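Biologist: Please take a close look at a single part of this model, and go through the strand pairing and the ligand surroundings with care.

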Amino acid sequence: ERRAPPDKIAIIGAGIGGTSAAYYLRQKFGKGVKIDLFERGEVGGRLATLTVRGQEYEAGGSVIHPLNLHMKRFVKDLGLSTVQSYGGLMGVYNGERLVFEESSWFIINMIKLIWQYGFQSLRMHMWVEDALDKFMRIYRYQSHDYAFSSVEKLLHSLGGDEFLGMLNRTLLETLQKAGFSEKFLNEMVAPVMRVNFGQSMNINGFVGAVSMSCADSGLWAVEGGNKLVCSRLLEASKGNLIHGSVMYIEEKTRTKQTGNPTKMYEVVYQTGSETRSDFYDIVLVATPLNRKMSNITFLNFDPPIEEFHQYYQHIVTTLIKGQLNSTIFTSRHLDEFDLSTILTTDSSDLFINSIGIVSSVRENNPQPSKGGTYVWKIFSQEILTKEQILKLFLSYDYAVKQPWLAYPHYKPPEKCPPIVLHDRLYYLNGIEFAASAMEMSAIAAHNAALLAYHRWNEHAHMIDQEDLYEKLKTEL
Ligand SMILES: Cc1cc2nc3c(=O)[nH]c(=O)nc-3n(C[C@H](O)[C@H](O)[C@H](O)COP(=O)(O)OP(=O)(O)OC[C@H]3O[C@@H](n4cnc5c(N)ncnc54)[C@H](O)[C@@H]3O)c2cc1C
Ligand SMILES: CC(C)=CCC/C(C)=C/CC/C(C)=C/CSC[C@H](N)C(=O)O
């Protein structure tokens, strides 16, 4: 017999994690449950755009992998359109010179890669493919409604001890053990980690593989901005958006209309200058839990809910419209310079991690303006000074910046925070310590919705099932 559904569910945070959780919770619990989403900033969270001179550009999460099936599904079901991410030609700068330059001719590229690195690019491609293949099992598990009570159990069900090993070792250790050369690692792998996660090859091997998958072709984005997925998910889930900052969550006993005393969670939040509160049967936290970010206190829990002190990486996105000073990277002048993305090695000692031409959220291809100038996106550890901008650009029209506490500072062995914080209190963002990406938040949201549903209805057999891959292989 099924238990009556909960009356009210709270979700803290309306980024892609929180809004997709609302969507999946609605699918599982049906239309009778009230779903409140608390958001203190903008719907979308780290999916955000910067508007400059009437044009919008992605400032946070920008590219989506062609095999990110939840994101693909959302776009299709929510009536959105996609744009292909601009490729262009990529170069790698080591502080002295460009150690690698892509060519627009496929065959020339292949020859260059083999000449410089032997068959290591191909081996890297196969290493990523193998990890991605195993990672894709999650979609099958979730379509059969299976849930996991910890990130480690989820990863183990996908890739066994190998995935847990990747979480516990640095990417550098993992790839050195696999026989990749120092030169290839420094010139081809480290620059990808710098552009994607602002960190070195000391990040964990799992996030390293996710990051390397960005080198695949077919990356895409949502036309009009990736954050549109969040607002559409919110609408489709019929969630009730509350603009407010959650301060405390406390467990209390309440007497419901049925007359039974019931354990509920009181969510206390600030909206404008007012402090308000409301009671919920289930709460999902869909924002990183730490003092610097969400600043949520768990009051009077027995046993107490631990505080998380994990550090998030500070990264600055800067958009600059201007004429690049190509001589910083090469002796060639701009009219002979055809690279549209320049990555940097760890040894480059430059004040930027990467620089690349971007298009607005409505364009497929970046268009130069009259003077041949483009809009460039720069990732750096610190806010760029005017002197630094003037070193990079011969002239520029504008520079706008967006600082972020962007993603975890990865430090394997990685211990991912728990998903179940308390009986009916769930935490989604622990998954970011395996890897931070839009799709990872959507996977965590689907998992948390299934977990909340199965725990509510005491379906223990749908949680933490061992050998799922084998079991589902025999099912039609
Ligand atoms: C610069 C940058 C580039 C990136 N590039 C990519 C990329 O290309 N591809 C990719 O897949 N991923 C990328 N990512 C990662 C991706 O953006 C994140 O993993 C994802 O957006 C996280 O979503 P989330 O919903 O889990 O968290 P968030 O988006 O952080 O959402 C949490 C929300 O909770 C709200 N909140 C916090 N505290 C409270 C509170 N106390 N009360 C109420 N509300 C609260 C916040 O305002 C926020 O809106 C990038 C991230 C950054 C910063
Ligand atoms: C989850 C899987 C299997 C794949 C996701 C791959 C992916 C798209 C990862 C993105 C990770 C990330 C944080 C990228 C940041 S920078 C992105 C881009 N280079 C930019 O210019 O904004």
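**A hairpin, a ligand shell and a strand**

Modeller: Strands E3 and E4 form a hairpin with two residues between them, and Arg53, which sits in the turn, has a positive phi of about 45°. This is a predicted model, and the description that follows should be read with that in mind. The two arms of the hairpin, E3 (residues 49-52) and E4 (residues 55-58), run antiparallel and are joined by four bridges. One pairing can be named residue by residue, since Val52 has Gln55 in E4 as its bridge partner.

From the hairpin we can turn to ligand 2, which has 17 residues around it, and of these Ser62, Val63, Asn196, Cys214 and Lys377 come nearest. Three of these residues can be described through their side-chain atoms. In Ser62, a polar side-chain atom lies 2.5 Å from an oxygen atom of ligand 2. In Lys377, an N or O atom of the side chain is 3.4 Å from an oxygen atom of the ligand, whereas in Asn196 a polar side-chain atom lies 3.5 Å from a nitrogen atom of ligand 2. On its own, ligand 2 has 600 Å² of accessible area, and the protein covers 86% of this.

As for where the shell comes from, the elements that give two or more residues to it are helix H4 (120-135), helix H8 (182-197) and strand E18 (374-380). The largest share, three residues, is that of H8. Sorted by class, the shell around ligand 2 has ten nonpolar residues, six polar residues and one charged residue.

Strand E18 deserves a longer look, as it is one of the elements that contribute to this shell. E18 is mostly covered, with six of its seven residues buried, and two pairings can be described for this strand. With strand E15 (residues 312-324), E18 pairs in the antiparallel sense over seven bridges, and within this pairing Val375 of E18 is the bridge partner of Lys321. With strand E17 (residues 354-357), E18 also runs antiparallel, here joined by four bridges, and Phe379 in E18 stands opposite Ser354. Taken together, E18 is a mostly covered strand that pairs with E15 and with E17, while also giving two or more residues to the shell around ligand 2.

Definitions and conventions: Residues are numbered from 1 along each chain as its sequence is written. Chains are lettered from A and ligands numbered from 1 in the order in which they are written. This is a predicted model: local features need pLDDT of at least 70, side-chain atom pairs count only at pLDDT 80 or more; totals for chains, interfaces and linings use all residues. Side-chain values use heavy atoms; hydrogens and water are left out. A residue is near a molecule or strand if one of its heavy atoms lies within 4 Å of it. A polar contact is a pair of N or O atoms within 3.5 Å; within protein, one must be able to donate a hydrogen and the other to accept it, and residues adjacent in sequence count only if both atoms are side-chain atoms. Accessible areas come from the Shrake-Rupley method with a 1.4 Å probe; for residues, only the protein chains shown count as cover. Ala, Val, Leu, Ile, Met, Phe, Trp, Tyr, Cys and Pro count as nonpolar, Asp, Glu, Lys and Arg as charged, and the others, Gly among them, as polar. Two strands pair if DSSP finds at least two bridges between them. Buried means under 20% relative accessible area, exposed over 50%, partly exposed in between (1.4 Å probe, protein chains only).
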